[in-house]
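Work through the exercises below with the sequence and the model side by side. Try each task before you read its solution.

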Amino acid sequence: MNKAEIQSIKQRFGIIGNSPLLDHAIDIARQVAPTDLTVLITGESGTGKEFFPKIIHHYSHRKHGPFIAVNCGAIPEGTIDSELFGHEKGSFTGAYEARKGYFEVVNGGTIFLDEVGDLPLGTQVRLLRVLETGEFIRVGSSKVLKTDVRVVAATNVNLVEAIKQGKFREDLFYRLNTVPIHIPPLRERRGDIVLLFNKFALDFAEKYRIPPIELTQEATQLLTQAYWHGNVRQLKNVAEQISIIEKERVITPEILRKYIQDITTTSLPALKKDSDMLEQYTTDREIVFKFLADMKKDIQELKRVVSHIIAVTGVNPSPTFKQVEHFTDLTNTTPDISFSIVDNASEHITSIKDVPAEIIKDDEPLSLEKKEMETIKKALEKYKGKRKLAAKELGISERTLYRKIKQYNLNM
């Protein structure tokens, strides 16, 4: 598909952005649309997954048939089967009359199952049967019904992990995942952030009949550096808040920070997910172990010097020196060791009382925090404040580097 066709689709469905990753997702949706293949759309919450089932339906031979979107996560487990497949009169308390389910109503059209990862296991079995044979049974009935429905599913859940945990059927995953489409998060299409923000600002100015807000160059830079855990949905929310609350129409970094707070490095406390905390823990652990490895080399060199002194003077190692040996052994373990090692590292190292004073210089920072700060500072100086290059040199993400700069107040 050429760029003109992709641009035409964007205009028709109100999609904003020039990211190659976004264009690729649209291209796949357009190519698969004429077929009846099942499509699984993946991506984080707020990325705009809901646009793609509409694209697929519009460019399919079913475009004149019905289209319905079902949020599987919003329907209680006790009624989800009835909603999808229908029920007979008297099949359960409150079933005063027979009712058609979505698969029966949408016959000949397309059904979009949003948050399909939240389906109960029993419902997953029923869905698998529909996908494989086109057959289903209403709740409280024994009569087999047929339907001709195109299924497009979406989820922000890692279904592979859900399968391992026994929460999602592997056979259903492969049946849904015939054609996968991944929608990139906003942080992977940073060139689109300003375009989206300006569009939202104009929309809200028109909606509330107020002058549109504008970003200064510095505020624009801050906006594009933010992590945006909530993706496009969060960006739109911020644009609306600023448009309504702020009297100033020119938005500076100081004003913008009040609304994005710490999302440049982490999510807000109320919104923080376990996966985000794990990612932060992992990056912190990586940098700590990098410094531990460097310290191990220093300690080994120190041991070599001390061993030479012992050989010459005949002085035996002190018990505290054996603590150093114990510490260097611990640094050989896997990265799953407890952080108590890190907490006690300084204590182990600085307790070498019997080592001659000239070997350990007083001005050498032995604490992990000082060593970490100095290493980051040197990397930033080397690359003249360019964080991307400095982060690459340190072997950590830009996100972690930004947080460390903030932590140590290293304004380069």
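**Starting point**

The protein has 18 helices and nine strands. Helices (H or I, at least four residues) and strands (E, at least two) are DSSP runs, numbered from the N terminus. The model is predicted: local features need pLDDT of at least 70, side-chain atom pairs count only at pLDDT 80 or more, and totals for chains, interfaces and linings use all residues. Residues are numbered from 1 along each chain as its sequence is written, and side-chain values use heavy atoms, with hydrogens and water left out.

**Exercise 1. Describe the protein as a whole.**

Step 1. Start with burial. Buried means under 20% relative accessible area, exposed over 50%, partly exposed in between (1.4 Å probe, protein chains only). Of the 412 residues in the protein, 43% are buried.

Step 2. Turn to contacts, meaning heavy atoms within 4.5 Å. Take those between residues at least 6 apart in sequence: 72% join residues at least 24 apart.

**Exercise 2. Find the residues at the centre of the largest nonpolar core.**

Step 1. Fix the term. A nonpolar core is a set of buried Ala, Val, Leu, Ile, Met, Phe, Trp, Tyr and Cys residues joined through side-chain atoms within 4.5 Å.

Step 2. Pick the members with the most partners. The largest core holds 28 residues, and Leu84, Phe103 and Leu113 touch the most other members.

Step 3. Find the suppliers. Elements giving at least two residues each include helix H4 (80-85), strand S3 (110-114) and helix H6 (121-133). The largest share, four residues, is from H6.

Step 4. Zoom in on Phe103. Not counting residues up to four places away in sequence, its contacts include Leu84, Ile111, Leu127 and Val151.

Step 5. Look for another core. A second, separate one has 25 residues, including Phe197, Trp228, Ile242 and Tyr402.

**Exercise 3. Describe how helices H2 and H3 pack.**

Step 1. Recall the method. Two packed helices are described by the angle between their axes and the distance between the axes.

Step 2. Apply it. The axes of H2 (residues 20-32) and H3 (residues 51-58) come within 8 Å and cross at roughly 35°. Axes are lines fitted to C-alpha atoms, for helices over the stretch in contact, and angles run from 0 to 180 degrees between N-to-C directions.

Step 3. List the contact. H2 brings Leu22, Ala25, Ile26, Ala29 and Val32, while H3 brings Phe52, Ile55 and Ile56.

**Exercise 4. Is Ser19 buried or exposed? Which residues does it touch?**

Step 1. Locate Ser19. It lies in the loop between helix H1 (3-13) and H2.

Step 2. Check its accessibility. Ser19 counts as buried because its relative accessibility is 6%.

Step 3. Search beyond four places in sequence. There Ser19 is in contact with Glu188, Arg189 and Asp192.

Step 4. Compare sequence with space. Ser19 and Arg190 are 171 residues apart in sequence, but 8.3 Å apart from C-alpha to C-alpha.

**Exercise 5. Examine phi at Glu115 and Asn231.**

Step 1. Recall the background. Most residues other than glycine have a negative phi.

Step 2. Take Glu115. Its phi is near 55°, a positive value. Glu115 sits in the loop between S3 and H6. It is buried, with a relative accessible area of 15%.

Step 3. Take Asn231. Its phi is also positive, near 55°. Asn231 belongs to helix H11. At 0% relative accessibility, Asn231 is buried.
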